[in-house]
Amino acid sequence: MSNTDSNGGKTMTWTPEGAGKTCQTWYKIIGDLAAGTPLVALHGGPGVNHEYLLILSDLTESRSIPLVVYDQVGTGYSTHLPEKMGDITFWRDELFLQELDALLCHLGIQENYALLGHSWGGMLGARHAVSQPKGLKKLVLADTPADMRLWVESQNALPQDSVVRPFFQHIPRVKWVKFSNSSHMPHFEEREWYMEVVGNFLKDD
């Protein structure tokens, strides 16, 4: 692993399919990866970065849950690829799935980890989970549409339960929690309750 930078992060070197060059994915570990099942946070966008998910370190402080945040390729401190702007054959789900798999292996946690995906990050997490990786122990889908068609249809309708209902209908052993006083950021808007709910879920055997 690389040296820690001034932001407390490190980088992973990998070669995305179709990029034509090696890239760097920036990540930060909060807590001790050996202390329990690490939680890997997947940010939204695509195009946002990890910073708004650093608040999840509440779970590290209160529940000793190690946290990994990272900037998906093309964002934040990770490699930007302006030459790929508008290239829909490159910016596909498979790119970000490949990056996630590479990061899990780089950190040596591919046999034991949990995912929390927010918004687009939840869609990425769901796509990852479909392959049923044996190391994935828990999956949190936060403010995440199950289907883009449903998301488009729901834009003029509140509440938007229809957008997430397929998850509840088709995932075994699923729990659906509504944060009624939040819009798209319950980890900020209802911080204390959010951390309690997520923490209890991650720690429940």
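Before we zoom in: a residue is called buried when its relative accessible area is under 20%, exposed when that value is over 50%, and partly exposed in between. Keep in mind that everything here comes from a predicted model.

**View 1. The two sides of helix α5.** Start with the helix that runs through residues 161-170. Which of its residues are buried? Here they are D161, V163 and F167. Those three span an arc of only 150° around the helix axis, which means that they sit on the same side of α5. Flip over to the other side of α5 and you meet Q169 and H170, which are exposed. What do the buried residues of α5 pack against? Their partners are α3, the strand β6 (136-142) and α4.

**View 2. Inside the largest nonpolar core.** This core is made of 27 residues, and V40 and Y70 have the most contacts within it. Lots of elements chip in: the strands β1 (10-14), β2 (23-30), β3 (39-42), β4 (67-70) and β5 (113-118), plus the helices α2 (93-107) and α3 (120-130), each bring at least two residues. The top contributor is α2, with 7 residues. Take a look at V40 and who it touches, leaving aside residues up to four places away in sequence. Its contacts are V68, Y70, L100, L104, I109, A114, L115 and L116. Another core, of 21 residues, lies apart from the one around V40, and its members include Y52, L53, V69 and F179.

**View 3. A nonpolar patch on the surface.** Nonpolar residues turn up on the outside as well: M148, W151 and V152 make a surface patch. Together they have about 280 Å² of accessible area. W151 belongs to helix α4, which covers residues 148-153. Is W151 buried, exposed or partly exposed? With a relative accessibility of 34%, W151 falls in the partly exposed class.

**View 4. A cis peptide bond in a loop.** Now for a quirk of the backbone: the peptide bond that leads from G45 to P46 is cis, and its omega is near -10°. You can find P46 in the loop between β3 and α1 (57-63). G45 is in the loop between β3 and α1 as well, and its relative accessibility of 42% makes it partly exposed. If you hop from G45 to Q160, you move 115 residues along the chain, while the two C-alpha atoms are separated by 19 Å.

**View 5. Two residues with positive phi.** What is the phi angle of S119? It is about 60°, a positive value, although S119 is not a glycine. S119 lies in the loop that joins β5 to α3, and it is buried, at 17% relative accessible area. R173 has a positive phi too, near 55°, and is likewise a residue other than glycine. Look for R173 in the loop between α5 and α6 (186-189). R173 is exposed, with 85% relative accessible area.

**View 6. Salt bridges that link parts of the chain.** How many salt bridges does a search of the whole structure find? The count is 9. One of them pairs E94 with R127, and their closest N and O atoms are 3.8 Å apart. This pair links distant parts of the chain, because E94 is in helix α2 and R127 is in helix α3, 33 residues apart. At 40% relative accessibility, E94 is partly exposed, and R127, at 36%, is partly exposed too. E94 and R127 also belong to a network of salt bridges that takes in R92 and D93.

**View 7. Two further salt bridges.** The side chains of K134 and E111 come together in a salt bridge, at 3.8 Å from N to O. K134 sits in the loop between α3 and β6, and E111 in the loop between α2 and β5, so this pair ties together parts that are 23 residues apart in sequence. K134 is exposed, with a relative accessible area of 66%, whereas E111 is partly exposed at 45%. D87 and K84 form a salt bridge as well, with their closest N and O atoms 3.9 Å apart. D87 is partly exposed, at 22%, while K84 is buried, at 15%.

Technical notes: Residues numbered from 1 in each chain as written. Predicted model: local features only at pLDDT ≥ 70, side-chain atom pairs only at ≥ 80, totals over all residues. Heavy atoms only, no water. Core = buried A, V, L, I, M, F, W, Y, C linked by side-chain atoms within 4.5 Å. Buried < 20%, exposed > 50% of the residue type's maximum accessible area, 1.4 Å probe, protein only. Helix = DSSP H or I, 4+ residues; strand = E, 2+ residues; numbered from the N terminus. Contact = heavy atoms within 4.5 Å. Patch = residues over 30% accessible without salt bridge, like charges linked within 9 Å, V, L, I, M, F, W, Y side chains within 5 Å. Areas by Shrake-Rupley, 256 points an atom, 1.4 Å probe, with all protein chains shown as cover. Salt bridge = Lys/Arg side-chain N within 4 Å of Asp/Glu carboxyl O. Arc of directions from axis to C-beta.
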